[in-house]
Amino acid sequence: MLNVPNALTLARLLLSIVVFVLVPLGHYFPALLVFIVACSTDWVDGYWARRFNQVTQLGRIFDPFVDKIIVCGLFVFLASEKGSGITAWMAVVVVARELLVTALRGFIEQSGSDFSAKMAGKLKMVFQCLAGGFGLGALMYANETVPGWLVTILPPAWFQILLPVTVWLAVLSTIYSGLQYIVVAAKHIVREPNNAAPS
């Protein structure tokens with residue numbers, strides 16, 4: 001239980017709480033930095049667990065749970081902030097997808113079948129993190145708290161194009177990956193009666 005991947009996941013949970021405190025206070029740039037660090041730990045803990053064979057049952061439950069907390073939480077907080085580029089219905093789509101997939105995974109894995117994350121789900125996470133980062137950036141631009149060096153790297157004209165692109169990629173990939181999991185679950189449910197039938 002007390003291995004490096006699980007420690008990183010716990011750190012990500014604590015960092016997500018810091019983000020949720022900073023956003024309502026209007027400290028968008030510090031929130032962005034903490035969010036970037038938190039998202040980075042997600043890649044590191046997964047790599048570490050596979051590289052050093054430290055995949056545990058706790059990690060398989062804890063890691064996706066924390067991923068959902070930080071992504072769903074940030075979308076909810078950004079939806080409540082005017083000018084973030086993320087609306088309430090987008091946050092609902094993200095939260096609903098995560099609840100649905102969690103329910104389907106629990107149902108299928110309870111029967112002994114595998115319901116591991118698919119590539120669409122991993123890409124969805126990448127797009128959601130990008131959308132969350134750009135949402136925080138939008139609030140910095142709107143409130144004129146964006147650092148000067150960041151404006152040089154990402155001028156307002158570029159940002160106005162990239163913000164809706166990342167947000168819509170996040171929404172569409174969320175819907176697509178959710179549908180993909182529904183298809184997998186439906187095939188499993190259809191197969192189950194056949195597997196239970198006497199030969």
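A nonpolar core is a set of buried Ala, Val, Leu, Ile, Met, Phe, Trp, Tyr and Cys residues joined through side-chain atoms within 4.5 Å. Keep that in mind for the first view, and note that everything here comes from a predicted model.

**View 1. The largest nonpolar core has 37 residues.** Start with V19, V23, F35, L74, F75, L136 and F159, which touch the most other members of this core. Six helices give two or more residues each to the core: α1 (4-25), α2 (28-51), α3 (57-79), α4, α5 (119-142) and α7. Helix α5 makes the largest share, with nine residues. As general background, nonpolar side chains in soluble globular proteins tend to be buried together.

**View 2. Here we zoom in on L136 and its contacts.** Which residues does L136 touch, once neighbours within four places in sequence are left aside? The list runs V23, Y28, A31, L32, F35, L74 and L78. Three of these partners, V23, F35 and L74, may ring a bell from the first view, where they sit with L136 among the core residues that touch the most other members.

**View 3. G135 is tucked away in helix α5.** Is G135 buried or exposed? G135 counts as buried, because its relative accessibility is 0%, and buried means under 20%. Skipping residues up to four places away in sequence, G135 touches L78, S84 and L163. For a sense of scale, look across to V95: this residue is 40 residues from G135 along the chain, and the two C-alpha atoms are separated by 17 Å.

**View 4. C39 and C129 are a cysteine pair without a bond.** A disulfide is a covalent bond between the sulfur atoms of two cysteines. How many disulfides does the structure hold? The count is zero. The sulfur of C39 has its closest cysteine sulfur in C129, at 3.3 Å, and a disulfide needs the two sulfur atoms within 2.5 Å, so this pair is too far apart for a bond. C129 itself is buried, with a relative accessible area of 15%.

**View 5. A nonpolar patch lies on the surface.** Now we move outside, to W89, L100, W168, L172, I175, L179 and I182, which together have about 650 Å² of accessible area. Helices α4 (88-110) and α7 (156-196) each supply at least two residues of the patch. The largest share, five residues, comes from α7. One patch member to pick out is W168, placed in helix α7. W168 is partly exposed, with a relative accessible area of 41%.

Technical notes
Residues are numbered from 1 along each chain as its sequence is written. This is a predicted model: local features need pLDDT of at least 70, side-chain atom pairs count only at pLDDT 80 or more; totals for chains, interfaces and linings use all residues. Side-chain values use heavy atoms; hydrogens and water are left out. Patches are made of residues with over 30% relative accessible area and no salt bridge: like charges are joined within 9 Å, nonpolar side chains (Val, Leu, Ile, Met, Phe, Trp, Tyr) within 5 Å. Accessible areas come from the Shrake-Rupley method with a 1.4 Å probe; for residues, only the protein chains shown count as cover. A salt bridge is a side-chain nitrogen of Lys or Arg within 4 Å of a carboxyl oxygen of Asp or Glu. Helices (H or I, at least four residues) and strands (E, at least two) are DSSP runs, numbered from the N terminus. Buried means under 20% relative accessible area, exposed over 50%, partly exposed in between (1.4 Å probe, protein chains only). Contact means heavy atoms within 4.5 Å.
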